[in-house]
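Please open the model in a viewer and keep the selection panel at hand. The tour proceeds by selections, each followed by a description of what is found there.

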Amino acid sequence: MKKIFLLAVLASGLAFGQAKKVVSSDVQWWGYKIAKSEASSHNGTVKVKSGEMVMKGNQLVGGTFVLDMTSINSTDLSGEYQQKLNGHLKNGDFFEVEKYPTATFKITGVKKNNDKVYNSLVTGNLTVKGKTNAISFPAKITYANGTVSLMSNKFSIDRQKFDVAYKSTMQDVLVKDDMDLQVKVTAK
């Protein structure tokens with residue numbers, strides 16, 4: 001009886017996948033003013049608070065990542081200007097981190113992508129400020145020795161769909177709706 005139970009547990013693990021805990025991450029963001037260019041942008045980082053990737057065999061089939069929005073940080077500025085921008089991003093003008101301290105991304109599908117570098121297309125639901133929208137992005141996914149790595153190409157999301165809007169009509173005209181993200185996550 002014990003053997004049958006153990007076999008059932010192992011089989012269910014193979015059917016539903018094996019969860020791997022995120023051990024390292026690097027999430028980069030870019031926001032743009034008037035014209036989407038290097039000269040009219042800000043960029044920075046946000047930390048992954050927790051997460052897991054679910055493997056079925058050697059294929060990524062799911063996962064969830066929790067972003068610590070209180071960690072959003074501009075890296076293109078320093079000193080007083082950096083502090084001002086970080087405060088601006090965290091307050092009600094944009095991410096309202098006091099009310100919404102985390103954002104989440106839940107993978108709903110992974111399929112083959114016909115790109116030599118970014119071999120997969122990852123689809124999922126991104127929730128920011130309580131608003132959830134489906135997004136997709138190309139990614140390079142590798143799995144070896146029990147470690148899975150996901151590295152996205154730079155991709156865009158429309159911040160307006162998540163109510164990440166500068167609370168002044170004129171200011172939103174000066175800030176592009178698209179913001180870019182690039183994600184690198186490793187799980188064991």
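The stops below pass through aromatic rings, strands, loops and enclosed space.

**Aromatic pairs**

The model is a predicted one. A search of the whole structure finds three aromatic pairs. Select phenylalanine 65 and phenylalanine 105: their rings are stacked, at 6.4 Å centre to centre and with 5° between the planes. Phenylalanine 65 belongs to strand S3 (residues 59-74) and phenylalanine 105 to strand S4 (residues 102-112), so this pair ties together parts that are 40 residues apart in sequence. Phenylalanine 65 is buried, with a relative accessible area of 8%, and phenylalanine 105 is buried as well, with a value of 7%.

Next, select phenylalanine 137 and phenylalanine 155, which form a stacked aromatic pair with 4.5 Å centre to centre and 15° between the planes. This pair also links distant parts of the chain: phenylalanine 137 lies in strand S6 (residues 131-144) and phenylalanine 155 in strand S8 (residues 155-158), 18 residues apart. Phenylalanine 137 has a relative accessible area of 4% and is buried; phenylalanine 155, with 7%, is buried too.

Now display these residues together: Phe65, Phe105, Phe137 and Phe155 form one aromatic cluster.

**A charge over a ring**

Select lysine 154 and tryptophan 30. The charged end of lysine 154 sits over the ring of tryptophan 30, 3.8 Å from the ring centre.

**Strand S5 and its neighbours**

Select strand S5 (residues 120-128) and show its side chains. Which residues of S5 point to the buried face? Ser120, Val122, Gly124, Leu126 and Val128 point to one face and are buried, whereas Leu121, Thr123, Asn125 and Thr127 point to the other and are not buried.

Add S4 to the selection. S4 and S5 pair in the antiparallel sense, over eight bridges. Within S5, serine 120 is the residue that lysine 112 stands opposite.

Then add S6. S5 and S6 run antiparallel and are joined by nine bridges. Valine 122 has phenylalanine 137 of S6 as its bridge partner; this phenylalanine is also a member of the aromatic cluster described above. S5 and S6 form a hairpin with two residues between them, and lysine 129 in the turn has a positive phi of about 55°.

**The start of strand S2**

Select serine 41, which lies in strand S2 (residues 41-56). Serine 41 counts as buried, at 12% relative accessibility. Leaving aside residues up to four places away in sequence, serine 41 touches Gly31, Tyr32 and Asp76.

**Two loop residues with positive phi**

Most residues other than glycine have a negative phi. Two loop positions merit inspection in this respect.

Select glutamate 96, in the loop between helix H2 (79-90) and S4. Glutamate 96 has a positive phi of about 45° although it is not a glycine. Its relative accessible area is 23%, so glutamate 96 is partly exposed.

Then select asparagine 145, in the loop between S6 and strand S7 (147-152). The phi of asparagine 145 is near 50°, a positive value in a residue other than glycine. Is asparagine 145 buried or exposed? Asparagine 145 counts as exposed, at 82% relative accessibility.

**The largest pocket**

Rolling a probe the size of a water molecule over the atoms shows where empty space is left. The largest pocket holds about 400 Å³ of space. To centre the view on this pocket, select His42, Leu85, Leu89, Phe94 and Val175, which are the closest to its centre of the 20 residues that line it. Strand S1 (18-33), H2, helix H3 (169-174) and strand S9 (175-187) each supply at least two residues of this lining. S1 gives the most to the lining, with five residues.

**The cavity**

A search of the whole structure finds one cavity of 30 Å³ or more. About 350 Å³ of space lies in the largest cavity. Of the 27 residues that line this cavity, Val27, Leu67, Leu126, Leu181 and Val183 are the closest to its centre and form a suitable selection. Leu126 was met earlier among the residues on the buried face of S5. S1, S2, S3, S4, S5, S6, S8 and S9 each supply at least two residues of the cavity lining.

Methods:
Residues numbered from 1 in each chain as written. Predicted model: local features only at pLDDT ≥ 70, side-chain atom pairs only at ≥ 80, totals over all residues. Heavy atoms only, no water. Phe/Tyr/Trp six-rings, centres within 6.5 Å; stacked < 30°, edge-to-face > 60°. Helix = DSSP H or I, 4+ residues; strand = E, 2+ residues; numbered from the N terminus. Buried < 20%, exposed > 50% of the residue type's maximum accessible area, 1.4 Å probe, protein only. Lys NZ or Arg CZ within 6 Å of the ring centre and 35° of its normal. Pairing = 2+ DSSP bridges. Contact = heavy atoms within 4.5 Å. 1 Å grid on protein atoms, 1.4 Å probe; cavity = no way out; pocket = protein on both sides within 12 Å on 5 of 7 lines; lining within 4 Å. Points joined across faces, edges and corners; volume = space filled by probe spheres on them.
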